[in-house]
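Subject: Structure handover

Hello,

Here is the structure we talked about. Please open it alongside this note; what I found follows below.

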Amino acid sequence: MYQVKEIFYTLQGEGAHSGRPAVFMRFSGCNLWTGREVDRGTAQCQFCDTDFVGVDGENGGKYKTAEELALKAQLVATGLGKEKSEKIDGLLIVLTGGEPLLQVDEPLIEALHAQGFEIAIETNGTIKAPDGLDWICVSPKAGTEIVQRSGNELKLVYGQDGIDPVQFEDWAFDHFYLQPMDTLRVSSKRSDYSQINIHDETDSLTDQVIAYCKAHPKWKLSLQTHKILNIA
Ligand code: SF4
């Protein structure tokens with residue numbers, strides 16, 4: 001059983017694949033926060049901007065098998081809206097959350113590949129990724145034990161206390177990104193993005209990231225362009 005908050009087709013907004021069309025599959029639940037505002041102050045991760053609670057989003061639900069979930073992703077991508085198989089040719093699917101590695105397993109990876117997807121995952125790195133993923137993006141959170149120390153992209157949210165980019169520079173990633181924290185910490189109904197485009201503190205963090213990247217060229221700036229553009 002896979003519990004999925006939502007599945008939608010959009011452009012990847014962040015990191016190395018920014019601007020690339022992708023199906024987003026958001027899994028329910030995270031191991032660093034319950035997702036409830038009342039628990040935010042005591043959570044291991046306190047700056048989350050994502051609603052990953054429940055299965056009530058667009059195309060969300062409880063999927064009994066990997067094949068059923070992969071077919072749903074294929075239908076979202078093709079817009080067919082019916083139980084008809086049409087092979088996807090290398091379209092990106094981003095497995096995200098919440099923490100997707102609480103649920104993503106090799107059968108799902110096989111089923112998504114069978115549909116023709118290229119599979120990326122966005123994880124907090126506290127759970128080891130299974131084999132077979134095509135792109136691994138790790139976003140470390142301060143005070144947590146990161147076990148996934150290799151992959152394609154390390155994307156550090158800048159503005160966290162108690163975490164320094166320097167500590168990751170020897171890890172085995174192809175790309176190193178700093179992304180200014182969305183300091184409003186809004187629970188993200190995606191339609192609310194227009195309200196969080198401009199914020200003085202985030203702008204200040206962006207200036208700091210720009211200065212940091214110029215002084216440390218291993219790092220690149222990642223912006224949440226989907227919020228800037230107000231797209232899903
Ligand atoms: S930002 Fe990521 S790790 Fe932190 S609570 Fe949200 S989903 Fe979990």
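Start with one pair of residues. Y9 has V23 of strand 2 as its bridge partner. That bridge belongs to the pairing of strand 1 with strand 2, which is antiparallel and runs over seven bridges. Keep in mind throughout that this is a predicted model.

**Overall picture**

The protein chain has 232 residues, and 38% of them count as buried. It holds four helices and nine strands. In sequence order the pattern is β-β-β-α-β-α-β-β-β-β-α-β-α. Take the contacts between residues at least 6 apart in sequence: 56% of these join residues at least 24 apart.

**Confidence**

The average pLDDT is 90, and 89% of the residues score at least 70. One stretch needs care. Over residues 186-198 the pLDDT stays under 50. The model has 18 contacts beyond four places in sequence for that stretch. Where pLDDT is low, predicted coordinates should not be read in detail. I would treat those 18 contacts accordingly.

**The sheet**

In what order do the strands of the open sheet lie? The order is 3-1-2-4-5-6-7-8-9, nine strands with mixed pairing. Strand 3 and strand 9 (219-221) are the edges, each pairing on one side only. From one strand to the next the twist averages 30 degrees.

Now walk across it. Strand 2 is antiparallel to strand 1, as noted. On strand 4 the sense changes: strand 2 and strand 4 pair in parallel over five bridges. R26 has T96 of strand 4 as its bridge partner there. Strand 2 itself is mostly covered, with six of its seven residues buried.

Further along, strand 5 (residues 118-123) runs parallel to strand 6, joined by four bridges. I121 stands opposite I136 of strand 6 in this stretch. Strand 6 also runs parallel to strand 7 (residues 153-158), joined by two bridges. V138 stands opposite L154 of strand 7.

Strand 6 (residues 135-138) deserves a look by itself. W135 and C137 point one way, I136 and V138 the other. That is the pattern to expect: in a regular strand the side chains alternate between the two faces of the sheet. Are these four residues of strand 6 buried or exposed? All are buried.

At the far end of the order, strand 8 (residues 175-180) and strand 9 run parallel, with three bridges between them. L178 has L221 of strand 9 as its bridge partner.

**Helix 1**

Helix 1 packs on the sheet. It touches strand 1, strand 2, strand 3 and strand 4, and its direction makes about 20 degrees with that of strand 1.

Does the length of helix 1 fit, or is it off? Helix 1 covers residues 66-78, 13 residues in total. At 1.5 Å a residue it should span 18 Å, and its end C-alpha atoms are 18 Å apart, so the two agree.

Which residues of helix 1 are buried? They are L69, A70, K72, A73, Q74, V76 and A77. Note that K72 and Q74 are on that list. An α-helix has 3.6 residues a turn, so residues three or four places apart point the same way. What covers the buried residues includes strand 1 (2-11), strand 2 (21-27), strand 3 (61-63), strand 4 (92-96) and helix 2 (106-114). Just after helix 1, G79 takes a positive phi of about 70 degrees.

**Helix 2 and P107**

P107 lies in helix 2. It is 41 residues from A66 in sequence, yet the two are 6.1 Å apart in space, C-alpha to C-alpha. P107 is partly exposed, because 15 other C-beta atoms lie within 10 Å, and 20 or more would be needed to count as buried.

**Cores**

In soluble globular proteins, nonpolar side chains tend to be buried together. The largest nonpolar core here has 43 residues. V23, M25, A73 and I93 have the most contacts inside it. I93 touches A22, V23, M25, A73, L112, F117, I119 and A120, leaving aside residues up to four places away in sequence. There is also a second, separate core of five residues, including C30, W33, C45 and C48.

Best wishes

Key:
Residues numbered from 1 in each chain as written. Predicted model: local features only at pLDDT ≥ 70, side-chain atom pairs only at ≥ 80, totals over all residues. Expected span 1.5 Å × (residues − 1). Buried ≥ 20, exposed ≤ 12 C-beta atoms within 10 Å, placed from the backbone. Contact = placed C-beta atoms within 7 Å. Pairing = 2+ DSSP bridges. pLDDT = per-residue confidence, 0-100. Core = buried A, V, L, I, M, F, W, Y, C linked by C-beta atoms within 7 Å. Axes fitted to C-alpha atoms, helices over the stretch in contact; angles between N-to-C directions.
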